[in-house]
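Let's take a walk through this structure together, beginning with its cysteines and then moving on to the overall build of one chain. Have the coordinates open as you read.

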There are 2 protein chains.
Amino acid sequence: MDAAEFRRRGKEMVDLIADYLENIEQRPVYPDVEPGYLRSLIPEEAPEEPETYEDVVKDIERVIMPGVTHWHSPYFYAYFPTANSFPAMLADMLSGAIGCIGFSWAASPACTELETVMMDWLGKMLKLPEDFIAGTHGQGGGVIQGTASEATLVALLAARSRAVRMILASDPQRPETDITSKLVAYSSDQAHCSVERAGMIAGVRMKKIPTEQSDKYAVQGETLRRMIQEDKAAGLIPFYFCATLGTTPSCAFDHITELGPICNAEKIWMHIDAAYAGSSFICPEFRPLLNGIEFADSFNFNPHKWLLVNFDCSTMWVRKRSDLIGAFKMDPLYLKHDHQESGLVTDYRHWQIPLGRRFRSLKMWFVFRMYGLKGLQDYIRKHVELAKEFESLVRADQRFEISADVVLGLVCFRLKGSNEVNETLLKRINNGRKIHLVPCQLSGQFVLRFAVCARTTESRHIREAWRLITQLAEEVMQELPN
Amino acid sequence: MDAAEFRRRGKEMVDLIADYLENIEQRPVYPDVEPGYLRSLIPEEAPEEPETYEDVVKDIERVIMPGVTHWHSPYFYAYFPTANSFPAMLADMLSGAIGCIGFSWAASPACTELETVMMDWLGKMLKLPEDFIAGTHGQGGGVIQGTASEATLVALLAARSRAVRMILASDPQRPETDITSKLVAYSSDQAHCSVERAGMIAGVRMKKIPTEQSDKYAVQGETLRRMIQEDKAAGLIPFYFCATLGTTPSCAFDHITELGPICNAEKIWMHIDAAYAGSSFICPEFRPLLNGIEFADSFNFNPHKWLLVNFDCSTMWVRKRSDLIGAFKMDPLYLKHDHQESGLVTDYRHWQIPLGRRFRSLKMWFVFRMYGLKGLQDYIRKHVELAKEFESLVRADQRFEISADVVLGLVCFRLKGSNEVNETLLKRINNGRKIHLVPCQLSGQFVLRFAVCARTTESRHIREAWRLITQLAEEVMQELPN
């Protein structure tokens, strides 16, 4: 395919995409296929000779669409949102064409520099403490990671390296393996599974801090303090705490104003994972949820969830960039460049797990400019309102209960009654394929999560979803033995 | 921006992209900007109100392009290629629109299933041993990672977990931290820096195996065997060897037919990193370079380098998928789904570091079908021929020497003489901004790397590059003190 054909096919693809997104709600949100459905629909081997583009495009509806879970359908309420906006898609097209691999400043200065400035823009939108802004002379700054999981891991590795350095400074003879075998990290028992995984990857102990329903599933300062004291008494070295703002099960918020000072006093790295909730902090009314950020060493959230920037774009800030870089820096000759030692340039490969990286800040630039801060705030507020609307529908129905405070766009609810009946209800809902939800567990209860996800969700979709849920609930309850 | 405006803007963007790529060779390949150039060109904060799309698009030429290193210019010879093709870009547009996050089968069955089948297609193109093909009943199979660095790390973590399990099986009382503190991994001193980095991340000892110019910078069986014996005698536990096929400095190939049996006998996990060279193995004449794969536990290369699939697409196969999954598996309720335990489904989140993942196999599907195996083979062969053409130009000039065998698309060469004169030559070349190269170090010598990179590179570009290089070399040599 040459450029001339691309002009034609690209324009057809633009229309195909617009058609798909304009008509998405007519598709069943969750696919009706069995595992292995796709293999029999296509050949077992790649073709020897080229096929025509028409053949490939025809197969989108025949092979792909029947197996797609439509995350951007206004009837999709599962997991958390993933972003999808036209400006982000346009920027991604451009990013693909430029196709630079921005591992160093020299590999494409625009790629690195736009990222640094976009991270400053976003940091200012969130009113982050000055320390996290790169500016022209800052010691901190931001980086785009692929996912929050990677940010959690990168922060943990930086913390591990800082802890080892601190201990070796006072006890240079102590073997490093002895130090790392004593390190202990903490996170909430509500934290995302990727936090525990980060501990496994880095080969350090990770302890879960118990939370309670009565405390709204938030980590309490007193609990963390006690665990630290016990662990220190047992000869362990507390070094990392991952706080969560907006947990995956119920969107709970750890008390970082209380937890932060404890971490600071104990020289424990505090990382804040606000993967979902972070986007809301651009609204003044939600910004107080981030109070306590001044005690953090690093902070991360996913604009690719709720800020209209298509996946992947997980934004992470550190107070001291030297802490990150120190954990990773390697400079073979083939990656060195003239400006490297000037102190002015950023080589983002030292900030992340992979070496290569796409030009992802273009997406942020297009989205921030095409929506403006106000447009983005409106978008967040609308989702929160829709969640509140769903919450009031649930509260108005005596058969149901709300399982956790509705702070942002997630509603946790259930039928009053057994876990089994709720499991049955969820199964019916998802088998209907008209709306899609996933469950969570809260205090041993099986709970349904209703997350407002799609950009195009409106009040009528929420009401239709509730109509379906209550209708299925009625069926399920009628089948119950008396 | 609504769908109607996207139809218009998307088509304009398609033309902008086609224009950019059709005229790319008229741009200086390497930008003439100083660190910090971009910040002053744009506002310090995001706009409050939306801007127009025209304003955004105007800034592409004003703000972005002056700072872009044009990786797809036919005058770009730095690093290794990164792929860029029209079919891959079309597929990526579609992937962005579907915008599913395929962490589990249920999150979008098509995303997972197409990936498994495309990895089988590609595995068959490479004539991988049957063990690595998923098929319908295989124990192995493939996964798309973001980068080769991640594949190296994932393999190392799987190896670490397997080694710990094996030792605990015979010595259940031994503390895990004691085991991991004794683990030792190996790679060539020519291996990519990300291999050493993987060791740092996982917190295990990583030893570099020395190579020699006389052995063409390949790891020798005898050397590995001796290091293993010494380490075992010292109480260490060898567990992982990362072989490289096509090193970054000089495209050297470790002798895996010799190294593989040693690893197998010692129960050491052999991972093969063929990031760049792997694409060439689809040609029968280059496939012998992969002989020895039958001894490997895992294998990885980057179609996003040399197989026309845009970044990111790093393909990794494992012989036993349970080894990978065992190192990572975590299943919170919100990620569980009905089909999970059927044995038929793949949840790729257990195969990788991040949780989220894009629908990347669409790019493979479009590219394989639009080029056909023959088209892809032709593409590889053409690049190798162009490298051979450059090699013969160098060899015909008595002032220059070739520094390593030219096997694929990379030519390592230098002026006969000091490192300083070669450093000066390279600086002149890159400051000219007409062509772009990076250096490497081989046996203490400063060497220039000439990698055929762009899809559109032709013989005339190679000859023009050589004309420039010799012209600058003449200048540099005339300035030398006699």
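## Disulfides and cysteines

A search of the whole structure, which is a predicted model, turns up zero disulfides over all chains. Two cysteines of chain B make good examples to look at. The sulfur of B:Cys283 has its closest cysteine sulfur in B:Cys251, 14 Å away, and that is too far for a bond. B:Cys283 is also buried, with a relative accessible area of 0%.

B:Cys412 is in no disulfide either, with the nearest cysteine sulfur, that of B:Cys440, 4.4 Å away. A disulfide calls for a pair of cysteine sulfur atoms within 2.5 Å, so the 4.4 Å between B:Cys412 and B:Cys440 does not qualify. B:Cys412 is buried as well, and its relative accessible area is 2%.

## Confidence

How does the predictor rate its own work here? For the complex, it gives an ipTM of 0.96 and a pTM of 0.96. In chain A the average pLDDT is 95, and 99% of the residues score at least 70.

## The build of chain A

If you trace chain A from end to end, you will pass through 14 helices and eleven strands. Its radius of gyration is 24 Å, close to the 23 Å that the globule rule gives for 482 residues, so chain A is as compact as a globular protein of that length. Taken along the principal axes, its C-alpha atoms fill a box of roughly 70 × 65 × 45 Å.

How much of chain A is buried? Of its 482 residues, 67% count as buried. Chain A exposes about 16100 Å², and carbon and sulfur atoms supply 49% of that area. As for how the chain meets itself, take the contacts between residues at least 6 apart in sequence: 73% of them join residues at least 24 apart.

## A look at helix α4

For a closer view, try helix α4 of chain A, which covers residues 109-125. This helix has 17 residues and reaches 24 Å from its first C-alpha to its last, close to the 24 Å expected at 1.5 Å a residue.

Is α4(A) mostly covered or mostly open? The helix is mostly covered, with 16 of its 17 residues buried. After α4(A) comes A:Lys127, and if you check its backbone you will find a positive phi, near 50°.

Notes: Residues are numbered from 1 along each chain as its sequence is written. Chains are lettered from A and ligands numbered from 1 in the order in which they are written. This is a predicted model: local features need pLDDT of at least 70, side-chain atom pairs count only at pLDDT 80 or more; totals for chains, interfaces and linings use all residues. Side-chain values use heavy atoms; hydrogens and water are left out. pLDDT is the predictor's confidence in each residue, from 0 to 100. Buried means under 20% relative accessible area, exposed over 50%, partly exposed in between (1.4 Å probe, protein chains only). Helices (H or I, at least four residues) and strands (E, at least two) are DSSP runs, numbered from the N terminus. The radius of gyration is taken over C-alpha atoms; the globule rule is 2.2 Å times the number of residues to the power 0.38. Contact means heavy atoms within 4.5 Å. Accessible areas come from the Shrake-Rupley method with a 1.4 Å probe; for residues, only the protein chains shown count as cover. The expected span of a helix is 1.5 Å times one less than its number of residues.
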